[in-house]
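Dear colleague,

Please find the structure we discussed below. I would be grateful if you could look it over alongside the notes that follow.

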Amino acid sequence: MTSSPHSDDLAGPFSRRRFAQLGALGLAGGVGALGLGSTAVAVGRDGQVHYDRARALAGSDPVLLALVTALTPDFEFPRPPAPEPLRIFDNLAFVSVGWVSAMAVLTDDGIVLIDALTSPAEAEGVLVPGLRELGADPATIKYVVVTHGHDDHFGGAQYLADRYGARVLMAPADWDLIARTRPDNAPARDLDIADGQRLTLGGTTIRLHHTPGHTTGTVSPVIPVRSGAERHTAMLWGGVNPPGTVPELSVYRASVRSFRKRMRDAKVDVELSNHPNDHGLQRVEQLRSRPDGVNPFVLGEPRTQRFMVVLDLMLRGRIADADRALSGGVGE
């Protein structure tokens with residue numbers, strides 16, 4: 001085992017009418033022509049124009065529509081009941097308490113856990129038995145990658161470090177965050193995540209990218225996954241809920257742009273989330289009910305790229321709203 005640091009389209013084809021509608025909105029060029037810095041979307045002081053464009057691009061796609069909803073101002077995140085654990089892919093296990101989830105990457109030499117739920121009690125009472133139920137031995141957890149320094153993601157990490165000797169990884173900025181804020185159940189500072197770091201265990205290499213925005217140290221993994229003979233590449237956006245100020249939102253948008261390029265280079269075709277903001281829990285149940293059908297987490301490369309464009313458009317709306325509030329609510 002080694003850890004080596006180194007700094008489907010929408011559901012159904014477009015109709016001609018739909019394409020014409022998107023063309024009128026400046027969106028018909030598709031994801032490639034909709035580069036996140038593109039002038040195809042006019043910058044204005046009214047956030048609603050960006051929200052409307054995001055919804056238009058989402059169309060009837062439930063994953064993209066869920067993202068639009070999650071990023072709509074004043075949206076209250078739901079607290080759904082906890083689903084049963086499930087293997088989303090042969091080498092990726094999903095364990096959840098409903099409103100927040102953890103993913104376990106299963107390798108020949110042990111487990112890399114992405115996030116650790118909210119507390120030692122949940123680690124002991126939900127995560128550990130959930131992994132066992134799926135045929136994975138929690139005693140083989142070698143690493144806990146914390147996507148960001150909030151307690152609903154690191155809460156069980158120290159328990160796993162103490163019980164199984166797992167090493168805990170977080171970006172330096174969020175290690176600093178928990179050192180300043182001293183939240184309950186914070187893990188002892190352990191391993192730093194460098195931007196673009198490769199974490200390799202049992203022949204599986206996960207790429208960890210800094211994507212500041214939700215917090216200054218948010219990390220988004222790119223994970224190789226498999227289902228039978230099929231091979232796919234998954235991404236997990238480390239934190240969706242945006243900050244409040246224009247400078248912070250601008251940093252978030254820059255992360256979206258850089259990560260979208262990294263996704264394209266890695267041929268990412270699977271989207272995952274650690275919160276129910278992407279129709280993820282519904283997709284878990286779809287997969288559970290039809291395990292031999294098409295895996296609903298495999299979106300395809302164009303659709304995962306479109307996910308990031310929708311995210312960017314919603315952020316542009318947030319920036320426009322924040323800018324308008326700073327100017328006293330006066331539009332252009």
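Which residue of E5 stands opposite Ala104? In this predicted model, the partner of Ala104 is Leu113. The two strands concerned, E4 and E5, run antiparallel and are joined by five bridges. They form a hairpin, with two residues between them.

Strand E5 also pairs with E6, here in the parallel sense and over four bridges. Leu113 appears again in this pairing, standing opposite Val144 in E6. Leu113 thus stands opposite Ala104 as well as Val144. As to exposure, E5 is mostly covered, with five of its five residues buried.

The connection from E5 to E6 deserves your attention. Together with H5, these strands make a right-handed β-α-β unit. Helix H5 comprises 14 residues, 120–133. From its first C-alpha to its last it reaches 19 Å, close to the 20 Å expected at 1.5 Å a residue. After H5 comes Gly135, which has a positive phi near 85°.

The buried residues of H5 are Glu122, Ala123, Leu127, Val128, Gly130 and Leu131. An α-helix has 3.6 residues a turn, so residues three or four places apart point the same way. What covers the buried residues of H5 includes both strands of the β-α-β unit, E5 (110–114) and E6 (141–145). Also included in that cover are strand E3 (92–96), strand E4 (101–107) and helix H7 (157–164).

With kind regards

Key
Residues numbered from 1 in each chain as written. Predicted model: local features only at pLDDT ≥ 70, side-chain atom pairs only at ≥ 80, totals over all residues. Heavy atoms only, no water. Expected span 1.5 Å × (residues − 1). Buried < 20%, exposed > 50% of the residue type's maximum accessible area, 1.4 Å probe, protein only. Contact = heavy atoms within 4.5 Å. Pairing = 2+ DSSP bridges. Right-handed = clockwise from strand over helix to strand, strands pointing away.
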